[in-house]
Amino acid sequence: MPLALVTTTLVSYAGRSLPVPNAVMITKNLNNKKHKVRLFTASDNKTLLFSVDGVEGKQYTLFVFDLEGKLVIQSAIRNRETGILPEISAGNYQYEVLVEDTKVENGQLKIK
């Protein structure tokens with residue numbers, strides 16, 4: 001089920017600020033109920049956050065790839081932590097979340 005997070009950015013136009021919608025859309029292909037993975041934007045609507053509510057003491061690693069398979073971002077957190085990801089350019093990406101060597105979630109990430 002696709003999850004859409006809509007954010008707004010202001011740009012200057014003829015001396016005025018106009019809202020320009022940005023969107024982070026996440027489509028999950030594999031979802032594990034034992035490991036609740038969340039990708040969401042912070043209150044500044046630019047910063048992407050990564051958190052997991054899963055197995056105590058485990059380390060979760062998020063991998064974000066461009067459509068050519070090149071690793072764009074890698075972030076590792078422990079259970080019930082939140083990781084801050086650097087700003088990602090607009091585009092389409094694939095992501096995977098692993099705990100140890102086991103894939104617990106994957107899907108597509110679209111940033112407009």
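Begin in this predicted model by selecting Gly69, which takes a positive phi near 90° in the hairpin of β5 and β6, where four residues lie between the strands. Extending the selection to both arms of the hairpin brings in β5, residues 59-66, and β6, residues 71-78, which pair in the antiparallel sense over seven bridges. To follow one of these pairings, pick Leu62 and look across to Ser75, its bridge partner in β6.

Next, display β3, β4 and β7, which form an open sheet of three strands in the order β3-β4-β7 with antiparallel pairing. The edges of this sheet are β3 (36-41) and β7 (82-85), each of which pairs on one side only, and neighbouring strands here are turned by 20° against each other on average, direction ignored. Now select β4, residues 48-53, which is joined to the antiparallel β7 by four bridges, and within that pairing find Phe50, which stands opposite Gly83 in β7.

Keep Phe50 selected and add Tyr60, Leu62, Tyr95, Val97 and Leu109, because these six touch the most other members of the largest nonpolar core, a set of 21 buried residues. The elements that give two or more residues to this core are β2 (16-31), β3, β4, β5, β6, β8 (91-99) and β9 (102-111), and β8 gives the most, with four residues. In soluble globular proteins, nonpolar side chains tend to be buried together.

Finish by centring the view on Leu109 and showing its contacts, which, leaving aside residues up to four places away in sequence, are Val24, Met25, Ile26, Leu48, Val64, Ile88, Gly91, Asn92, Tyr93 and Tyr95.

Notes. Residues numbered from 1 in each chain as written. Predicted model: local features only at pLDDT ≥ 70, side-chain atom pairs only at ≥ 80, totals over all residues. Heavy atoms only, no water. Pairing = 2+ DSSP bridges. Axes fitted to C-alpha atoms, helices over the stretch in contact; angles between N-to-C directions. Core = buried A, V, L, I, M, F, W, Y, C linked by side-chain atoms within 4.5 Å. Buried < 20%, exposed > 50% of the residue type's maximum accessible area, 1.4 Å probe, protein only. Contact = heavy atoms within 4.5 Å.
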